[in-house]
Amino acid sequence: MADLSVLSNTLAVLEKYNFNFQKKYGQNFLIDSHILDGIIDGAEITKDDCVLEIGPGIGTMTQRLCERARFVIAVEIDKKLIPILNDTLSEYDNKLIINEDVLKVDINELCEKYNNKKPIKVVANLPYYITTPIIMDLFESKVPLESITVMVQKEVADRMKVGPGTKDYGALSLAVQFYSKPEVILNVSANCFIPRPNVDSAVIKLSLLTEKIPVRDEAFMFSLIRASFNQRRKTLVNGLANAGINGVTKEAVLSALNEMGISETIRGEALTLEQFALLADTIKKHM
Ligand code: SAM
């Protein structure tokens, strides 16, 4: 099969199957071989790897992944793309194509079956309408993961990597940095896609941490984080006291801040991840 990163080859496939792009599925296909190589090099794919590709489209990146990896699992929601993928990937026998919403797939079960429960690598040009749910689902479902290397909206990549004191800092930054080390590996122009998206893009690599910051109750910490950023302009004390989190009173938050030596007027956006972890443990003591 011809290299699909060559625009004329992609256009020929789209025409052969009379394919119409579905905006609702965030379909912007890559047509730049340097970017495709950059993603796969950045993900450090080797012949030992089992790779999960989310949203293979017509198989442009999947072709390259099949060349480089031991096994590729490609999950595509759009059933119209399945006959196309069966055609464009017909020469590879180290792949599994699944027609499903990735959020409904049991990735743990796939890992067990195709990678002996060893960590997999996720590589994707993600559909932008569900970037955050997909990444959070991967982290929270405790799938054995080595890394997640994905194309996202540039603005979302910025939010993932920043720390306190910046306008982009928020619940996504803290969740990503709790589970992984984020690193932007490429900035990508809108001209590298067909159709051209209205936003700039970036490839970010999230390398999973082997040692996370210690916190007694992760879910409780994340409920504090979400509540602090839901009411960004309020002080942390008022934001948390009004959030309706079971057992979290204004007094408990004040006592915890005093014990930690942090000002009572601080806002959530000024706290580091380590401070949120300590705050969660300290508030629990005062509840
Ligand atoms: N990987 C291809 C490429 O780079 O050319 C296509 C990338 S396109 C940005 C996103 C792909 O994800 C589309 O093929 C779309 O149909 C698919 N997709 C959208 N939502 C999905 C979901 N919930 N589960 C699986 N695939 C999805």
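**View A. The second largest pocket sits between the two domains.** In this predicted model, domain 1 (7-208) and domain 2 (218-286) both give residues to the lining of the second largest pocket, so the pocket lies between them. About 200 Å³ of space is found here. Look for Gly170, Ala171, Leu172, Ser173 and Ala175, which are the closest to the pocket centre of the 15 lining residues. Helix H6 (131-140), helix H8 (171-179) and helix H9 (218-230) are the elements that each give two or more residues to the lining. H8 gives the most, with four residues. Sorted by class, the lining of this pocket holds six nonpolar, three polar and six charged residues.

**View B. The largest pocket, with Tyr25 among the residues closest to its centre.** The space in the largest pocket comes to about 640 Å³. Its lining is made up of 38 residues, and the closest to the centre are Tyr25, Gly26, Gln27, Asn28 and Pro127. If you follow the lining by element, strand S1 (29-30), strand S2 (50-54), helix H3 (60-68) and strand S3 (71-76) are those that give two or more residues. By class, 22 of the lining residues are nonpolar, 10 are polar and six are charged.

**View C. Helix H3 is largely enclosed by the rest of the structure.** Having met H3 in the lining of the largest pocket, here you can see the helix itself. Seven of its nine residues are buried, so H3 is largely enclosed. The buried residues of H3 are Thr60, Met61, Thr62, Gln63, Arg64, Leu65 and Cys66.

**View D. The largest nonpolar core lies between the domains, and Met221 is one of its best-connected members.** This core has 68 residues, of which Met221, Leu279 and Ile283 touch the most other members. H9 gives the most to the core, with seven residues. Domain 1 (7-208) and domain 2 (218-286) both give residues to this core, so it lies between them.

**View E. A closer look at the contacts of Met221.** Leaving aside residues up to four places away in sequence, Met221 touches Phe178, Val215, Leu273, Phe276, Ala277 and Ala280. Another core, of 25 residues, lies apart from the largest one. Leu36, Cys66, Ile97 and Cys192 are among the members of this other core. You may recognise Cys66 as one of the buried residues of H3.

Methods
Residues are numbered from 1 along each chain as its sequence is written. This is a predicted model: local features need pLDDT of at least 70, side-chain atom pairs count only at pLDDT 80 or more; totals for chains, interfaces and linings use all residues. Side-chain values use heavy atoms; hydrogens and water are left out. On a 1 Å grid over the protein atoms alone, a cavity is a set of points where a 1.4 Å probe fits but cannot get out, and a pocket is an open set with protein on both sides within 12 Å along at least five of seven lines; lining residues have an atom within 4 Å of a point. Grid points are joined across faces, edges and corners, and a volume is the space filled by probe spheres set on the points. Ala, Val, Leu, Ile, Met, Phe, Trp, Tyr, Cys and Pro count as nonpolar, Asp, Glu, Lys and Arg as charged, and the others, Gly among them, as polar. Domain bounds come from an automatic or database domain assignment. Buried means under 20% relative accessible area, exposed over 50%, partly exposed in between (1.4 Å probe, protein chains only). A nonpolar core is a set of buried Ala, Val, Leu, Ile, Met, Phe, Trp, Tyr and Cys residues joined through side-chain atoms within 4.5 Å. Contact means heavy atoms within 4.5 Å.
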